[in-house]
Amino acid sequence: MTSLAEGPALDLDLFSDAALTDPFPLYRRIRDTAPAVHLPRYGAWAMGRYADVRGALGDWESFSSARGIGLNDLANAATQGMIIATDPPEHDTLRNVLAARLSPKALRDLRADIERRADELVAPLVERGSFDAVADLARAFPIMIVLDLIGLPQDGRDKVLGWADAAFSASGPPGPRTDAAFPLLQDQLAYLSGIEPGALTPGSMGRAIYDAAAQGLIKQESCVPLMSAYVTAGLDTTINAISNAVYYFAEHPEQWDLVRQDPSLIPAALNEVLRIESPLQFFCRVATRDVELDGQTLAEGSRVMMLYASANRDERKWDDPERFDVRRNPVDHLAFGYGMHGCAGQGLARLEGHSVLAALARRVARFEVGTPRRRLNQLIRGLDALPTTVHAG
């Protein structure tokens, strides 16, 4: 048996402009090298194959989140107590606070309103003919839905998206991008700390968090980290899934034709967009014991990057993974994570995505897009702008 502490290593920079713009060739090198590859410049391992990533995410006792999910000590300390950086039993206590509000039954009650709001957003954009699919569509919709559900006061909402973006990027390796993001993460926490519970909309998810603290179900000091988790995670996946969907359907009009001819393909289409362009690139785990991987040993204490986006393009799992095919229906992709830390809000994100795609399918025959501008974030892959022209039909 070979210890991975002395095993395969690659001197890769996953956070250069070029790598953040197109990380997939580097991910393939990692997958082709070994189940886990040491990246010396980060003092961490990278795991990129689907079966290994899924297995590790499903084994929280061997791969812990409680020592932080990022690549720098400052962010790992700042996120202590946040739901993404906990193991059971603390994780389960925090997750249960909003579990009922994100359940399938609760989402069924929201469906009609979210579908109506998607129609109200999409109809005038299609009438305009040209718009930015990121700013005018993909960002506008989840911000309107998620922040209303959390019940945030109007004052400060205009900064929430920038803070959420920074909260992800702050967990990258030490360096200028992390230095730039970290103060914004602190601003987000200061903003949330300054909101009195009474300022949150009655009956909202945010108010429910403080009610749980008042009832002794969670600690009072858990309220702000939990608010931060839902404000941060509730936006980026949906925003990037919607904008990426417009881009891919513009590039693959025959796939859009399939969706319009058979709208029952919309859930499969959204899954395929999330598989091929996973917004979240990675979170870290720390091995709590020596773990065997394909005849090698990953040593206890190793920090491991779980490369979700790599796993979702693993040739060992997916047939022709670079091909965009709405009939693939990859229901077991890892874009929402897997296991105990699988995204708690993925049902809401799917409902938002399905509603927007359905509203577009009823009105748009063809998308044309200009040159997209990519947003460089150390953990989230997405677009900053996508000039779009639609042809109604």
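A residue counts as buried when its relative accessible area is under 20%, as exposed when that area is over 50%, and as partly exposed in between. The exercises below apply this and a few other criteria to a predicted model.

**Exercise 1. Classify the ring pair F15 and Y42, and state whether these two residues are buried or exposed.**

Solution. Step one concerns the general description: a pair of aromatic rings is characterised by the distance of the centres and the angle of the planes. Step two applies the cut-offs, by which centres must lie within 6.5 Å and planes over 60 degrees apart count as edge-to-face. The structure holds twelve aromatic pairs. In the pair of F15 and Y42, the ring centres are 5.2 Å apart and the planes stand at 85°, so the pair is edge-to-face. Step three places the partners in the chain: F15 is in the loop between β1 (2-3) and α1 (17-21), whereas Y42 is in the loop between β2 (36-39) and β3 (44-47), and the pair links these distant parts, 27 residues apart. Step four gives the accessibility, since both F15 and Y42 are buried.

**Exercise 2. Describe the geometry of the aromatic pair Y50 and W318, and say which parts of the chain the pair ties together.**

Solution. The geometry comes first: Y50 and W318 form an edge-to-face pair, with 5.6 Å from centre to centre and 80° between the planes. Because Y50 lies in helix α3 (residues 50-57) and W318 in the loop between α16 and α17, the pair ties together parts that are 268 residues apart in sequence. The accessibility follows: Y50 has a relative accessible area of 6% and is therefore buried, and W318, with a relative accessible area of 6%, is buried as well.

**Exercise 3. Over which rings do the charged ends of R54 and R313 sit?**

Solution. The charged end of R54 sits over the ring of Y338, at 4.1 Å from the ring centre. For R313, the ring in question belongs to F24, and the charged end lies 3.5 Å from its centre. Aromatic residues also gather in a cluster, one that is formed by Y247, Y248, F249, W256, F324 and F367.

**Exercise 4. Work out the surroundings of N240, beginning with the helix in which it lies.**

Solution. N240 belongs to helix α13, which covers residues 236-251. With a relative accessible area of 0%, N240 falls under the cut-off and is therefore buried. The side chain of N240 reaches the backbone oxygen of D236 at 2.8 Å. Once neighbours within four places in sequence are left aside, the residues in contact with N240 are P279, R375, I380, R381, G382 and L383. For P279, the separation from N240 is 39 residues in sequence and 6.2 Å in space, taken from C-alpha to C-alpha.

**Exercise 5. Examine the backbone at D294, N329 and P89, and decide where each residue is found.**

Solution. D294 is not a glycine, yet it has a positive phi of about 50°; its place is the loop between β7 (291-293) and β8 (296-298). A relative accessible area of 66% is over the 50% limit, so D294 is exposed. N329, likewise not a glycine, has a positive phi of about 50° and lies in the loop between α16 (308-311) and α17 (346-361). Its relative accessible area of 37% falls between the two limits, and N329 is therefore partly exposed. At P89 the feature is the peptide bond: a cis bond joins P88 and P89, with omega at about 5°, and P89 is found in the loop between α4 (73-78) and α5 (90-99).

Key
Residues are numbered from 1 along each chain as its sequence is written. This is a predicted model: local features need pLDDT of at least 70, side-chain atom pairs count only at pLDDT 80 or more; totals for chains, interfaces and linings use all residues. Side-chain values use heavy atoms; hydrogens and water are left out. Helices (H or I, at least four residues) and strands (E, at least two) are DSSP runs, numbered from the N terminus. Buried means under 20% relative accessible area, exposed over 50%, partly exposed in between (1.4 Å probe, protein chains only). Contact means heavy atoms within 4.5 Å. A polar contact is a pair of N or O atoms within 3.5 Å; within protein, one must be able to donate a hydrogen and the other to accept it, and residues adjacent in sequence count only if both atoms are side-chain atoms. Rings of Phe, Tyr and Trp (its six-membered ring) pair if their centres lie within 6.5 Å; planes under 30 degrees apart count as stacked, over 60 as edge-to-face and the rest as tilted. A charge sits over a ring if NZ of Lys or CZ of Arg is within 6 Å of the ring centre and within 35 degrees of the ring normal.
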